[in-house]
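Biologist: I'd like to learn how to read the surroundings of a ligand and the empty space in a protein. Could you walk me through it with an example?

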Amino acid sequence: MSMIAAFYGGKSILITGATGFLGKVLIEKLCRTSPDLKVIYILVRPKAGHTLQQRVSQIINSKLFEKVREVCPNVHEKIRAISADLNQNDFAISKEDMQELLSCTNIIFHCAATVRFDDHLRHAVQLNVTATQQLLFMASQMPKLEAFIHISTAFSNCNLKHIDEVIYPCSVEPKKIIDSMEWWDDAIVDEIAPKLMGDWPNTYTYTKALGEMVVQQESGNLNIAIIRPSIVGATWQEPFPGWVDNLNGPNGMIVAAGRGFLRAIRASPLAVADLIPVDTVINLTLAVGWYTAVHRPKSTLIYHCTSGNLNPCNWGKMGCQVLSTFEKIPFEKAFRRPHADFTANTITVHYRNAVSHRAPAMIYDIYLWLTGRKPRMTKLMNRLLRTISMLEYFINRSWEWSTYNTEMLMSELSPEDQRIFNFDVRQLNWLEYIENYVLGVKKYLLKEDMAGIPEAKQHLRRLQNIYYLFNTVFFLIAWRLLIARSQIARNVWFFIVSFCYKFLSYFRASSTLKA
Ligand SMILES: CCCCCCCCCCCCCCCCCCCCCCCC(=O)SCCNC(=O)CCNC(=O)[C@H](O)C(C)(C)COP(=O)(O)OP(=O)(O)OC[C@H]1O[C@@H](n2cnc3c(N)ncnc32)[C@H](O)[C@@H]1OP(=O)(O)O
Ligand SMILES: NC(=O)C1=CN([C@@H]2O[C@H](COP(=O)(O)OP(=O)(O)OC[C@H]3O[C@@H](n4cnc5c(N)ncnc54)[C@H](OP(=O)(O)O)[C@@H]3O)[C@@H](O)[C@H]2O)C=CC1
């Protein structure tokens with residue numbers, strides 16, 4: 001019997017960020033492995049015209065929950081959505097709901113965050129710092145609480161090169177920043193943000209670092225642990241390989257490369273691509289929840305959920321595997337045949353952006369305009385280039401994360417738990433994982449049917465022919481213009497033509513002799 005699965009049986013679990021990428025996989029695994037858990041409270045806000053209940057039903061009825069619906073047919077009853085907005089005071093939770101949460105909750109998994117790199121500092125502080133502080137305050141009033149698990153990011157200290165499983169202080173106290181946000185207007189925040197952030201590359205990583213400090217400072221008597229995943233990718237094994245449902249991180253790049261928009265990206269092929277599958281993160285999270293509640297470590301333990309030091313893979317190897325998977329399983333509606341490479345220096349990057357990204361987009365927009373349609377490719381390309389510029393920081397550097405606590409926890413698990421809650425990334429075969437990842441992007445994110453592959457291949461062959469035709473016409477025009485203007489070009493042209501003529505005459509003469 002799994003000790004971890006048994007531990008969650010009969011428990012009331014509170015999850016924030018349950019509608020997000022990690023949150024969904026967390027609920028899925030919990031319901032599948034501990035169907036006898038009491039209740040999962042999820043803090044959800046109504047969004048995009050969908051009520052709370054519609055949002056929950058959408059999740060439960062999705063492909064991801066297929067197995068759960070078999071193992072736990074009453075999954076609808078297990079999940080209790082509570083209307084909450086983490087940007088509001090007391091999360092705008094009703095008095096009755098608050099009372100129930102305070103009196104019943106046994107475990108908290110705090111996953112909610114803004115993961116946008118370019119969020120306004122005020123908003124990022126509100127969600128990633130102030131909301132964490134408020135949740136800790138709530139937790140301190142929960143008599144039955146056994147563990148509080150905070151999901152941070154391995155990049156919360158990306159200003160360092162070697163990162164241990166400890167909390168590194170930021171220069172300004174988070175409490176001071178929270179207070180200042182009350183009376184600073186947006187203009188002041190904009191002016192002061194770069195100074196506060198120092199060598200953090202964006203508001204996301206900076207506020208996640210502040211969030212960790214808050215956790216440390218407000219931990220009181222709570223049993224707390226922090227998990228720091230690196231770049232979270234599609235599922236590796238569970239509930240099935242390749243599941244992914246958003247465009248964050250590598251996902252958007254895989255889409256852009258597969259559809260032929262992305263031709264070049266500034267990246268160090270030898271830099272470590274510290275990807276970690278989402279199911280690995282969730283297995284570790286559940287194991288940490290159990291360990292923190294049962295073993296009650298004396299201090300707040302931090303767990304790095306990274307792959308780099310145990311099973312490293314670099315961006316070069318990953319990129320090659322992504323591209324070779326497109327050969328077998330191409331995406332539909334490609335703009336160009338997928339082909340991309342990594343560039344290193346700034347001049348090449350500007351050149352490639354102009355020639356390989358902006359120029360084809362402009363040509364296509366002219367074609368759309370001439371055929372009476374609305375040009376859209378330049379806008380899309382600008383958006384892609386902006387996204388790439390935000391990701392570049394993470395694909396041109398390598399970090400070393402120590403994983404003592406994570407390895408210690410692995411050794412504490414029974415063989416059964418090591419199997420059911422596997423977070424040993426050493427067993428991961430990268431080539432197989434990346435292939436499934438690309439396939440998952442096609443099936444679950446782009447919702448493309450596998451039956452469409454022959455048609456997609458046919459489309460790519462057409463694009464290849466258009467490419468050859470375009471290049472030939474372009475070359476001939478350029479050459480004609482050059483000949484008209486340059487004596488050297490004319491001499492070269494004369495030389496080539498006379499050489500071909502002589503070659504043909506020789507060929508004809510020798511075949512006549514043979515005959
Ligand atoms: C040798 C051979 C080499 C071959 C090379 C082959 C290349 C093949 C690819 C290989 C993969 C390499 C990829 C490297 C990627 C590395 C990622 C590193 C990330 C480190 C993350 C740290 C981990 C974390 O802790 S946090 C989680 C990550 N968070 C994010 O990723 C958030 C990033 N996103 C943002 O900050 C914003 O969305 C932003 C700024 C990018 C865009 O903001 P904007 O306001 O412009 O747009 P949105 O309102 O968000 O969206 C508008 C629109 O665009 C769509 N969209 C959003 N993001 C993407 C995207 N990434 N790609 C494509 N499209 C995107 C979005 O859906 C909206 O569409 P609508 O139709 O308008 O709704
Ligand atoms: N994805 C990754 O690569 C990595 C993620 N992480 C961390 O993992 C955690 C989860 O990330 P991920 O699942 O990818 O993020 P998502 O963006 O997919 O999910 C964010 C979640 O937070 C919720 N949320 C945001 N704002 C509010 C609000 N005001 N009130 C209530 N809920 C809100 C969202 O709800 P809604 O659906 O309503 O928007 C959503 O459920 C985060 O803490 C992140 O920092 C760490 C490393 C890497």
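Modeller: Gladly! Start with the chemistry of the shell around ligand 2: 13 of its residues are nonpolar, seven are polar and five are charged. Keep in mind that this is a predicted model.

Biologist: Which residues come nearest to ligand 2?

Modeller: T19, K47, R55, Y204 and K208 do, out of the 25 residues around ligand 2.

Biologist: Which polar atoms of the protein should I look at beside the oxygen atoms of ligand 2?

Modeller: Try Y204 to begin with: an N or O atom in the side chain of Y204 is 2.6 Å from an oxygen atom of ligand 2. The backbone takes part too, with a polar atom of G20 at 2.9 Å from a ligand oxygen and a polar backbone atom of L22 likewise 2.9 Å from an oxygen of ligand 2.

Biologist: How much of ligand 2 does the protein bury?

Modeller: The protein buries 89% of the 890 Å² that ligand 2 exposes when taken alone. Two elements, α2 (21-33) and α10 (203-217), each give two or more residues to the shell.

Biologist: And how do I find empty space?

Modeller: Rolling a probe the size of a water molecule over the atoms reveals where space is left empty. Here, the second largest pocket holds about 290 Å³. It is lined by 13 residues, and N89, Q126, T130, I178 and E182 are the closest to its centre.

Biologist: Which helix gives the most to that lining?

Modeller: That is α7, with six residues. Both α7 (121-140) and α8 (174-183) supply at least two. By type, the lining of this second largest pocket has three nonpolar, seven polar and three charged residues.

Conventions. Residues are numbered from 1 along each chain as its sequence is written. Chains are lettered from A and ligands numbered from 1 in the order in which they are written. This is a predicted model: local features need pLDDT of at least 70, side-chain atom pairs count only at pLDDT 80 or more; totals for chains, interfaces and linings use all residues. Side-chain values use heavy atoms; hydrogens and water are left out. On a 1 Å grid over the protein atoms alone, a cavity is a set of points where a 1.4 Å probe fits but cannot get out, and a pocket is an open set with protein on both sides within 12 Å along at least five of seven lines; lining residues have an atom within 4 Å of a point. Grid points are joined across faces, edges and corners, and a volume is the space filled by probe spheres set on the points. Helices (H or I, at least four residues) and strands (E, at least two) are DSSP runs, numbered from the N terminus. Ala, Val, Leu, Ile, Met, Phe, Trp, Tyr, Cys and Pro count as nonpolar, Asp, Glu, Lys and Arg as charged, and the others, Gly among them, as polar. A residue is near a molecule or strand if one of its heavy atoms lies within 4 Å of it. A polar contact is a pair of N or O atoms within 3.5 Å; within protein, one must be able to donate a hydrogen and the other to accept it, and residues adjacent in sequence count only if both atoms are side-chain atoms. Accessible areas come from the Shrake-Rupley method with a 1.4 Å probe; for residues, only the protein chains shown count as cover.
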